[in-house]
Amino acid sequence: MKLDRLLGILITLLRQDKITAPVLAEKFEVSRRTINRDIEALCLAGIPLVTEQGRGGGISIAPGYKLEKELLTEEELQAILIGVRGVDSILKQPKGPVLADKLFQRETEEQVLIDLASFYKDSLTEKISLLRDAISRRLAVSFRYYSEKGEELRQAEPCRIAYQWNAWYLIAWCRTKKEFRTFKLARLWDLTLSEEHFVPKPLPAEKADMNSLWEENYRLVAVFDPSVKYRLVEEYGPDSFTLREDGRLSFTRDFTFYGAMLSWISSFGAQVQVLQPESLREDLLRQAKLLLSYYEET
C-alpha cells in the first residue's frame, strides 16, 4: 500500500542521513519513478526533503529537521516490533518482517516472544481474518455458539475483536438476543460471513470495557494442601493465600461464574477443602458420590 511505503520511506530517511532513489526502489520493490512520486508526495505533505545529484548525492531530510530525526528511541522501536510480532501469531499475512526491515538497518534479535494463538491456531486465524473483514465491510455474520446452556445458532453484527484473560473474544450486537454480547472465539464455530450490510450501533462504554462485564457474585473460601501452592501462585499470585498453623493454605476469592468456580475447584480433587459457599460443598459431594458409583460398578 502507498501509505505503508510512504511511512517506510520517511522512517528510513529519519534513521540515516542520505539514501538514493534506486536503493529505495529496490528496498520497497517498486520502480524508481514510483519512488520519485512518493518523494513529491512527502514534500507536499510538509516534509522538507532535499535531493542532490551526482556522486555522493541522494535524498535526505533538510538540516532544519535534524531535531526530529530520532522520533522513537531504540527501546520504543523494539516495543513496537514485539507487539507486531505478537499479533503476527494470529494473522494470515505477518507484518513483522517487513516492519523490522523498515525500522532497523540490521538484523534484530527477538528479546521477547509473544504468541497469541491457541491450540486451534489455524481455525483461530481464519476466524479473526473473517471477523476483521466483516467489521471493516460492516457485514453480518452467523455462527454456532457453545455455552453452559447448550449450543445455539446466532446472528450478529461484529463490532470489535479483543484479547483478554488469555483468550480471544468477539464483541457484537447479537440479533438473536437484541443486545450487545461478548462471545469467546474458542466456543464460536461454523462462522459464516453474509452479504448483508448493517449500520453499526454505538458501543456503550460499559460494553467496551470487558472488565466491567463480569460481576463477581460468588465468594469462595477454601483450604488447600501445600502441594498445590504452585498453582495458586501461578493463577492468582503469592498474596492470594495465607499459611495456616497446620501447614495448609487459606484461600478466599470472588468468582463471576458459578460453573467456572466449580470446574476450577474440581480440578484439585482431594487437595482442597471448600468451606463456603454451601451450594458448592453440596455439588462437590454429589460429584464425589457419582464418581464413586462409577468405579464401584466396575
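**View 1. Strand 1 and strand 2 form an antiparallel pair.** Strand 1 (residues 49-52) and strand 2 run antiparallel and are joined by four bridges; two strands pair if DSSP finds at least two bridges between them. Helices (H or I, at least four residues) and strands (E, at least two) are DSSP runs, numbered from the N terminus. The model is predicted: local features need pLDDT of at least 70, side-chain atom pairs count only at pLDDT 80 or more, and totals for chains, interfaces and linings use all residues. Residues are numbered from 1 along each chain as its sequence is written, and side-chain values use heavy atoms, with hydrogens and water left out. Leu-49 has Ile-61 of strand 2 as its bridge partner. The hairpin has five residues between the strands, and Gly-54 there takes a positive phi near 85°. Strand 2 (residues 58-61) is covered on both faces, with Gly-58 and Ser-60 buried on one side and Ile-59 and Ile-61 buried on the other. Buried means under 20% relative accessible area, exposed over 50%, and partly exposed in between (1.4 Å probe, protein chains only).

**View 2. Thr-20 lies in the loop between helix 1 and helix 2.** The loop is flanked by helix 1 (2-15) and helix 2 (21-27). Thr-20 has a relative accessible area of 31% and is therefore partly exposed. Leaving out residues up to four places away in sequence, Thr-20 touches Gly-57 and Gly-58; contact means heavy atoms within 4.5 Å. From Thr-20 to Gly-56 the distance is 9.2 Å, C-alpha to C-alpha, and the two are 36 residues apart in sequence.

**View 3. Helix 6 packs against several strands.** Helix 6 (residues 121-137) has 17 residues and reaches 24 Å from its first C-alpha to its last, close to the expected 24 Å. The expected span is 1.5 Å times one less than the number of residues. Buried residues in helix 6 include Leu-124, Ile-128, Leu-131 and Ala-134. The buried residues of this helix pack against strand 3 (139-147), strand 4 (150-164), strand 5 (167-174) and strand 7 (188-197). Arg-138, just after helix 6, takes a positive phi of about 55°.

**View 4. Phe-251 pairs with Trp-264 and belongs to an aromatic cluster.** Rings of Phe, Tyr and Trp (its six-membered ring) pair if their centres lie within 6.5 Å; planes under 30 degrees apart count as stacked, over 60 as edge-to-face and the rest as tilted. By this rule the structure has 15 aromatic pairs. In one of them, Tyr-236 and Phe-251 have ring centres 5.8 Å apart and planes at 55°, so the pair is tilted. Tyr-236 lies in helix 8 (residues 229-236) and Phe-251 in strand 10 (residues 249-255), so this pair ties together parts that are 15 residues apart in sequence. Tyr-236 is partly exposed at 27% relative accessibility, whereas Phe-251 is buried at 1%. Phe-251 also forms a tilted pair with Trp-264, at 5.5 Å centre to centre and 40° between the planes. That pair links strand 10 to helix 9, with Phe-251 and Trp-264 13 residues apart. The aromatic cluster consists of Phe-224, Tyr-236, Phe-251, Phe-255, Trp-264 and Phe-268.

**View 5. Helix 9 has its buried residues on the same side.** In helix 9 (residues 258-266), Tyr-258, Met-261, Leu-262, Trp-264 and Ile-265 are buried. These residues cover an arc of only 165° around the axis, which puts them on the same side of helix 9. The arc is that of the directions from the helix axis to the C-beta atoms.
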